[in-house]
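This report describes how two chains meet and how their nonpolar residues gather. Please keep the structure open while reading.

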Amino acid sequence: MSSILTIAMQEVKVLFRERVFFLLLSIFIIMTLASSFIGLIATATTTSIYNASVGFLQHNGVNNIPSNPLNALPALTNFRNVIVYIFLIGSLLAIVIGHRSFIRERKSGVLPLLLTRPISPKTLFMGKILGICMALFSIIGITFVISVISSLLLPFQHLVFDDILRLFIFYVLSFFYLLFFTFLGLLFAIRTKSESLALFIPVCIWVGISFVLPELVSGQTPTALLNPVTMDQTAPAGTFFALMSQYLGPISLGWHYTSFSSQLLNNSLQISYASIGSIILANSGKIFTLLVAAGICLGLCFYLIRAYSIQEENIYE
Amino acid sequence: MNNAAKIFAVAKKEFTDALKNKVFLVFLAFLLFLIGTSIVVASFDFQSKVVVYQNALIKLKQSGQVVENLSEPQFFPLQLLRGAIEFLEIIGAILAIVLGYLSIAKEKGNNTLQLILTRPISRLSFYAGKFLGNALLLVSVAGIVFVGVTLVVEVVGKTMLTGPQLFRILLTFAFTIIYLLIFFSISAALSTLMKSLPNALIVSFVIWILFVLIIPQIGDTMDPDNQVPGGLFNSLHIIKADQLVILEKFSRYEKTRDSLEQTSLTKHYERLAFALLGIKDTYNGKSLDFVFHDKIGDVWWISLASILFGAAGAMMFVKKRMLWKEE
């Protein structure tokens, strides 16, 4: 157990010393910090535009004016951009974490040396997994704290207990979503002989999961999928989308993540105020798929590491 | 062998090398698949809108209500290319990054650069050859995409594209090549500059994610009309001319949002492509003169950026003392 913990601590320490990782992490944290500010400005301006529109319409003799749709949205809506940043930057960061975790040792030639010591590949792997989880947990934890603090500092954003609980569940879900990409990065770092290819393949899969599958299932273009207001819109009617939804829907992880997160953060006007329990219950299939996907990646990594041979140790850039 | 022949020889080698490279071929196949898929999805989306319209029409007629206010969805074949353009700006940029990276990485990784530079070829000519080879490769990719897109639009849209429509697609692809060359140059410059090639790749991806995805996304989400599904003005039934009157009071906010979007070259490319293809309703059915007059700023932005980043990439290759992997 102590060896696993030592390896895990070393993993976290080395990761936080890497400049490229730090660059990505900084961008991720800055964007999380900026997201609530962006949400607040956009909502406040839209409300002002609504008020100006009401004045304009009343001036022109129109009286039957619908109420401001934004009034129906709770304060948590201002955090909806975080979904996009975790979906984009967080996933890339997760791939880099998984990738660097194994490539570092392979490239420096430390791995064959480590495997000659009284440490089994299993222990080494468990240590790495624990280290990765610790690093990811710290990142997600920091962003959660940032979100809560920003809600206290910025006006009109004060969150009640239910909101903080929703935010917490959203970050827990994000942790597992990012864990899937970390394991994906790790999987190809173990298997692929070219260092660049080990990065390219997970990025390609990420693009497929983030843009291609959701487009097929929902009919939305890539930029519409990045707009928190439209990301959870239902698929157009028709046989094609019904078939896509039936066969590709279950494996469309990006779509699962964004739609569940949107509902949780009260993003969409149609599903506002659904209780946390009912949202979780309605999305239990999506949560299960996410966990299974992460589990499959982890299982594959475990299988590969058990079969890992020092003779395979010839990675190139 | 004169200088031009040397440049051309390097370009030819670059071109054939890329065609043998699995990473490039995988990305190319992926891009073609995405573009084809996006057109098919757009076509089914349109068909679905027509069905919704027809059902609404039947219901209104049955209940004896007025149907004049219901507008029938209009089919514009070039609008099927919206998803394709978005994939070109997102995945096409990755393809260009891959090309820029591979172009430098193969020389650095194999230590062939030391040998080549002992031959009578200047660093500038060598880089120019690489740039030319990859530019020709991107022209070929754009050519394949052009033919593919035309065929898919004609088959899926069950319509023959006219000469002017084909010319608009051709023009769009010309600007696509200019746009993609920016990412090629950035990636090549970083691969030249940075000691670790995988780090150069990650930094290229960071730049890509920031300027291709994040900045345009911030601009989009700050758009007041994007805060409400279907649009705020639509929900209030306010026509375009009146919207402009109301928005006059919020010009500072709109200017800030627009300035933010302007920092992303992807947004310039997208605005130009959407205008040329009539994807944005304001430009649908308008002449090319009108489009270019209105979008000349975007043309300048992506053209100048392409030249500047191209020059920066060349300068780094020429000036960097140690280009090869230091042991």
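Which residues does Phe180(A) touch, not counting residues up to four places away in sequence? Phe180(A) touches Leu253(A), Leu290(A), Ala293(A), Ala294(A) and Cys297(A), where two residues are in contact if their C-beta atoms, placed from the backbone, lie within 7 Å.

This is a predicted model, in which local features need pLDDT of at least 70 and side-chain atom pairs count only at pLDDT 80 or more, while totals for chains, interfaces and linings use all residues. Residues are numbered from 1 along each chain as its sequence is written, and chains are lettered from A and ligands numbered from 1 in the order in which they are written.

**Nonpolar cores**

Leu136(A) and Phe180(A) touch the most other members of the largest nonpolar core, which has 167 residues. Such a core is a set of buried Ala, Val, Leu, Ile, Met, Phe, Trp, Tyr and Cys residues joined through C-beta atoms within 7 Å, and a residue is buried if 20 or more other C-beta atoms lie within 10 Å of its own. Helix H3 (residues 82-110) of chain B gives the most to this core, with 17 residues; helices are DSSP runs (H or I) of at least four residues, strands (E) of at least two, numbered from the N terminus. Apart from the largest core lies another, of eight residues, among them Tyr50(A), Val229(A), Phe233(B) and Leu236(B).

**Chain B**

Chain B has 12 helices and zero strands, and buried residues make up 44% of its 327 residues. Its C-alpha atoms fill a box of roughly 85 × 45 × 35 Å, taken along the principal axes.

**Where the chains meet**

In the interface, 56 residues of chain A are in contact with 52 residues of chain B. The largest share of the side of chain A that touches chain B, 17 residues, comes from H2(A). The axes of H2(A) and helix H7 (residues 197-222) of chain B come within 12 Å and cross at roughly 0°, the axes being lines fitted to C-alpha atoms over the stretch in contact, with angles from 0 to 180 degrees between N-to-C directions. H2(A) is therefore roughly parallel to H7(B), a term for angles under 35 degrees. Among the residues making this contact are Val20(A) and Leu23(A) of H2(A) and Asn199(B) and Ile202(B) of H7(B).

The table gives residue classes, with Ala, Val, Leu, Ile, Met, Phe, Trp, Tyr, Cys and Pro counted as nonpolar, Asp, Glu, Lys and Arg as charged, and the others, Gly among them, as polar.

| Region | Nonpolar | Polar | Charged |
|---|---|---|---|
| Side of chain A that touches chain B | 40 residues | 13 residues | three residues |
| Contact of H2(A) with H7(B) | 15 residues | two residues | no residues |

Terms used
Buried ≥ 20, exposed ≤ 12 C-beta atoms within 10 Å, placed from the backbone. Parallel < 35°, antiparallel > 145°, perpendicular 65-115°, else oblique.
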